Every structure is written in structure tokens, then in C-alpha cells.
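This report describes the pocket, the nonpolar cores and one strand of the structure shown here.

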Protein chains: 2
Amino acid sequence: MIAEPIEDLVRLLARLPGLGPRSARRATLALLKRPDTLLAPLAAALERCAREVRRCSLCGNLDLSDPCAICRDPDRDPTQILVVEGIEDLWAMERTGSFKGRYHVLGGTLSAIDAVGPEELGVDRLLRRVAETPGVEVILALSATVAGQTTTHYLARRLAGSGARITRLGYGLPVGGELNYLDEGTLRAAFEARRPLL
Amino acid sequence: MIAEPIEDLVRLLARLPGLGPRSARRATLALLKRPDTLLAPLAAALERCAREVRRCSLCGNLDLSDPCAICRDPDRDPTQILVVEGIEDLWAMERTGSFKGRYHVLGGTLSAIDAVGPEELGVDRLLRRVAETPGVEVILALSATVAGQTTTHYLARRLAGSGARITRLGYGLPVGGELNYLDEGTLRAAFEARRPLL
């Protein structure tokens, strides 16, 4: 005896990552209790995203225009291409405010199980951009996971001989991280990446 | 450099219970990656809820009509009124499929700190319904928390002398619960509520 549109809302919210049936019910009630300040604005934001957001055909970013605002920004250095697994990584990098180049969003990592090959990751598109940009640096900013590193090595091999400078992010202590909580791999990498202080 | 409607979506989703900024970003990307199967249906469900869902003036339930489908259902026994703290509890009770009476949704528990008094909980409305329904049983189905039990005792006192039969839910082992994981209060209640087997 729960009204159908409420059931629909619970069912759809439960499909979001991080929400199960129980938290979807809580979220639904939170929405229904705030029809004007939360429910209606969320409906409007979704509707606007559905209508206006598109994928950038150059870098794979999601934006209101194609090419995206980053690819069109003349102040962003086209000779630095930072390769990330997903949009969430692009967002994370943008939040640092320290990168002023452009991106290539792979949309995943190579995976035989999930049938994700170089085509799905737009590797040819990346190689073309690299070939067209003399003096480019390609920063491979994938996760330090097995899948991320396998893909990093694959990309480095494909990019070898392109004339581009290929780098990866540095390994080491996470800022704010306590030494005795770190795994051995990170600690070893941090030791090897040590820098002179004096 | 994140598009404004996407930022809006993240910000609004982060206001839902159980979602923080990080999971709101993940949820946003999940939505943007499924524009037709998830994003658009969710926008439509929210829009429909905003337009059609209202509060039942008899019991406080949320439904498409006032009075709600439960209050209007002639097959549901009007001489059983189950009092719950919130809609989520009404939904939980409905999922059991075992209750065929009607509800009173308090919308919370008595709380001096949050300035929730009998008026906010619609206690007078409940008392009127009880007075108008000869032979009614009022089942106080509040949480077994301090706030829930304080409110239960207050309601029992207000309902005393109304002629209604006042009951509360039984305490005991949760079904599927392991004895050695139970707190002492529940175990003591279960012992006191023991039933003859042979």
C-alpha cells in the first residue's frame, strides 16, 4: 500500500552506488519532507543535466559543450595531457587547482573480463592528439592498482616512440598519513622517492 | 571547471541522508552515464512525486490522495490504530503484510530539545479518532529507544480512560538473531516474554 510514484522513487534511488533499499527509503522520505527546498530543485537539476550535459569528443570529459570548457580554454596548456581513468579523477585533479593542462579520460582500465580493450578507452584518439602536439608531455595518472598499473604500462608502450615525454604521478606518503598505518608497498615507494632536505 | 548543473546535482544529492560529497559525486556520475535508463526516469519520478504526493489529514501517511488509500480502504479494520513514529515505520509494517488495520503517524517522538510537543505529533487528532471509534485498539508501535518509550508512556497516559484497548509491540529475540549477540535488555525482555512450548 505504498503509492506507485513513491515506490518508483525508492527503486530508482536504490540503483545509485552507495544506496541500498533501506537508505533509498530514507532518502525518499527526506525528499518528500522537503518538497520545495530539496525535491523540486533535485528534479530540476536532473532535468537540466539530461538536457544539457554531453561528452567532449576530444578528451571524454562531461560538460555543457563539445569540446568541453577545459579543451576550449586558451589558458590551459595543450602540451600537457593528463590521462585519468574516469571523470571522478578529473574532478579530483581539478579540485587541487594545480594542474593547468588538459585531460584524456579513458573511462576505465583494460580488462579482459569486462571486455574493455584499447578501443573502449579511446587509445587511438589519445595517440592522434599526441602525434598532433609537438613537445607534449603525457602524464599517466591512473590508480596505483593492478588494473591501473597494467593499463599504465600498456599506454607507455603504445606511446613509446611518439616523441612525447611520458611521466606518471609520484608515489609516496599520502599527506596527513601516519607512517605506521601505511602498507609496505607505499612505504617502500616513499623510501625510494626520498628527497634531499639539506 | 565542473559544469554548473553537474555541481548542482552533486550538491543536492549530498544533502540526502546516507550520502556525503564523495558518494554524491559517484551517484552523479552513475546518473550521467545512464541518461536514459536512470537519470531521466529519476527526474520524472521526482517530478511526479512533487506534483502528486500529499499528506493524509487523518493518519499522516504520504499518498496520492487525502484521505490516503489505507484510510479509504473498506477492507482495513478501523478499530485497530497502529501508532508509529514515522512513515518509514508504516512502510516497514506494510511490508510484513500482517497488519490489516489503520495507522497514526506521529512524525517523531516527544523531544524538549527539538521542541516537539503533543501538538507536533497530532496527539489531539489521535484522541479524537479514538473517541469516535467505539471498541478501538490502539497499538503503540514506537521504537524501543528512550525517546520512543517516553512517548509511548505519554500516549498511554493520555489514552487512559478513553475506553480504548491500549497495547504495545512484544519484546523478544529478533527473528534470525543469535543469542550471544543480543544485548542484555533484549535478552531479559525475551526471557520475561517466554511462551509455553509443550
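## Largest pocket

The largest pocket holds about 830 Å³ of space. A pocket is an open set of points on a 1 Å grid over the protein atoms alone where a 1.4 Å probe fits, with protein on both sides within 12 Å along at least five of seven lines; lining residues have an atom within 4 Å of a point. Of its 26 lining residues, B:Asp89, B:Ala92, B:Ala141, B:Leu142 and B:Ser143 are the closest to the centre.

This is a predicted model, in which local features need pLDDT of at least 70 and side-chain atom pairs count only at pLDDT 80 or more, while totals for chains, interfaces and linings use all residues. Residues are numbered from 1 along each chain as its sequence is written, chains are lettered from A in the order in which they are written, and side-chain values use heavy atoms, without hydrogens and water.

## Nonpolar cores

The largest nonpolar core (buried Ala, Val, Leu, Ile, Met, Phe, Trp, Tyr and Cys residues joined through side-chain atoms within 4.5 Å; buried means under 20% relative accessible area with a 1.4 Å probe, protein chains only) has 76 residues. Among those with the most contacts inside this core are A:Leu46 and B:Leu46. A second, separate core of 17 residues includes A:Leu106 and A:Leu155.

## Strand β5 of chain A

From strand β5 (residues 137-140; strands are DSSP runs of E, at least two residues), A:Glu137 and A:Ile139 point one way and A:Val138 and A:Leu140 the other, and all are buried.

Technical notes: Buried < 20%, exposed > 50% of the residue type's maximum accessible area, 1.4 Å probe, protein only. Helix = DSSP H or I, 4+ residues; strand = E, 2+ residues; numbered from the N terminus. Points joined across faces, edges and corners; volume = space filled by probe spheres on them.
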